Amino acid sequence: MDEQKKKVVVAGGGITGLAAAFYLQKTAREQQLPVDVLLIEASNRLGGKIQTVRRDGFVIERGPDSFLIRKKSMDQFAKDLGIENELVRNATGQAYILVNEELQPIPAGSVMGIPTKMGPFMKSNLFSVSGKLRVAGDFFLPRSGAEGDQSLGKFFRRRFGGEIVENLIEPLLSGVYAGDIDHMSLQATYPQFYEVEKRHRSLILGMKKTTPKQVPQKNGHGASKQGAFHSFRNGLESIVEAAEAKLEPGSVLKGRRIEQIDRRDGKAILQLNNGEIIEADSVIMATDHMTASHLFAPHGLLSDLQDIKTTSVATVALAFPKDAVVQDMEGTGFLVSRSSDYSITACTWVHRKWPTTTPEGKVLLRAFVGRVGDETIVDLPDDEIERIVLSDLSKIIQINGKPDFTVITRFKEDRPQYRVGHRQRVEAARAELKSQFPNVKLAGAAYDGVGLPDCINQGKAAVEEVIADLFG
């Protein structure tokens, strides 16, 4: 290896680390920079939470199943990897909320739970008359005037009252983070709502003005909205496989864990679990936040990252013959309000939302369990989780017989919670790291967004910082 090359280590092979390693190598080639990239992953596979099971003609996601098209970085990553022709868009259909033992349609015109069309909202059975009247208060209430961060729950309850929060906004917004809306940070999760209130005062009027108009796409059933999400024909793991194949030979080290990090002569000295020592000019820490915190604890750094709480969730995919599931309702799935007495928090009718995932004559359901304060179910044995999920689903849709097979996946203490003050906590962690390890960058789902495009953006931002530090 050329002695003049700068060694950059990417720690963690999830989507953030994969993107960072790929774009580092791409930038080095295009700008003819002397960079040697090493991606170190503690497990024996890359991709982190992205895991696809391909079985009996089914394509089943264990972790995330899609990403927002309007956030461009994932589509761009697919294009840079040469697999953009494998992208598929979700089929749209009615989504429901389970309230008072019944599936109620999410009212047309709801933008992340905020009604922008009052007609469908007023006709909805999701809310009582008094609940609907309270929401109308948004037209008259002044701006909050609150400085600094606050919880999503506090923000929305003030504008709309409790009922719409419990029955619509909370199921829609907290699902992404598996979080508690009364602790989730407004600044770190949905800062656009704060900006809309600041600019337009009324959230309803503001969202109506600022939400892009959907262009109807004609299909066999008349006009229909286009799906807002992309995945890949053969599952999300397609992007992991494509990225790994494009990384330069010898630049990936699996089954190796960084056990210690020190600094010497402006370099980061990494000790691996097999005793190997690596000297790095720069390090992108794309591990989870607890790993980063433990690694830097001996230096008195990043202890506050442990205040970023995590929660456990599980996904339960159930494959059935088509005639075993009787679904009278059109649609792609439902969310469960917190007040409902169910263990499941949501269910996707995958065969409808992603038709390419399911063979002809089959049905695929994917249920979710686990949320803040209700995580014990994740620790139960597989057969018990399956029994609970089937029991819940059978109260909602008619299921005859057992599934052909079930795929259960647990993510233990895995979902970072963006609680009030999150942004300040992350900024402080980066500032203290910079004071002693200026060549180490933090990136990943615990910091600046949990969605796949958010993680890719963080990986790319870290690459830009590293390149600027080394060659700026």
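This briefing covers a helix, a sheet with its packed helices, and a set of salt bridges. The model is predicted. Its open sheet has 7 strands, and the structure holds 26 salt bridges.

**Helix α1**
- Helix α1 covers residues 15-31.
- At 1.5 Å a residue, its 17 residues should span 24 Å, and the end C-alpha atoms are 24 Å apart, so the two values agree.
- Of those 17 residues, 13 are buried, so α1 is largely enclosed by the rest of the structure.
- Gln32 comes just after α1 and takes a positive phi of about 50 degrees.

**The sheet**
- The strand order is β8-β7-β21-β22-β23-β19-β25, and the pairing is mixed.
- β8 (102-105) and β25 (405-416) are the edge strands; each has a single partner, so one side of each lacks a neighbour in the sheet.
- From one strand to the next, the twist averages 25 degrees.
- Strands β21 (residues 333-336) and β22 (residues 344-349) run antiparallel and are joined by 3 bridges.
- Within this pairing, Leu335 stands opposite Ala346 in β22.

**Helices on the sheet**
- Helix α6 (residues 162-174) packs on the sheet and touches β7 (95-99) and β21.
- The direction of α6 makes about 120 degrees with that of β7.
- Helix α13 (residues 382-396) lies across β7, β8, β19, β21, β22, β23 and β25.
- α13 runs at about 70 degrees to β19 (310-321).

**Salt bridge Glu197 to Arg159**
- The closest N and O atoms of Glu197 and Arg159 are 2.7 Å apart.
- Glu197 sits in helix α8 (residues 191-200) and Arg159 in helix α5 (residues 152-160), so the pair ties together parts 38 residues apart in sequence.
- Both ends fall under the 20% cut-off for buried: Glu197 has 2% relative accessibility, and Arg159 has 0%.
- A network of salt bridges links Asp138, Arg158, Arg159 and Glu197.

**Salt bridge Glu279 to Arg264**
- Here the closest N and O atoms are 3.1 Å apart.
- The pair links distant parts of the chain, 15 residues apart: Glu279 is in strand β17 (residues 277-280) and Arg264 in strand β15 (residues 258-264).
- Glu279 is partly exposed, at 41% relative accessible area.
- Arg264 also counts as partly exposed, at 43% relative accessibility.

**Salt bridge Asp392 to Lys395**
- The side chains of Asp392 and Lys395 meet at 3.9 Å, N to O.
- Both residues lie in helix α13, 3 residues apart, about one turn of the helix.
- Asp392 is buried, with a relative accessible area of 4%.

Notes
Residues numbered from 1 in each chain as written. Predicted model: local features only at pLDDT ≥ 70, side-chain atom pairs only at ≥ 80, totals over all residues. Heavy atoms only, no water. Helix = DSSP H or I, 4+ residues; strand = E, 2+ residues; numbered from the N terminus. Expected span 1.5 Å × (residues − 1). Buried < 20%, exposed > 50% of the residue type's maximum accessible area, 1.4 Å probe, protein only. Pairing = 2+ DSSP bridges. Axes fitted to C-alpha atoms, helices over the stretch in contact; angles between N-to-C directions. Contact = heavy atoms within 4.5 Å. Salt bridge = Lys/Arg side-chain N within 4 Å of Asp/Glu carboxyl O.
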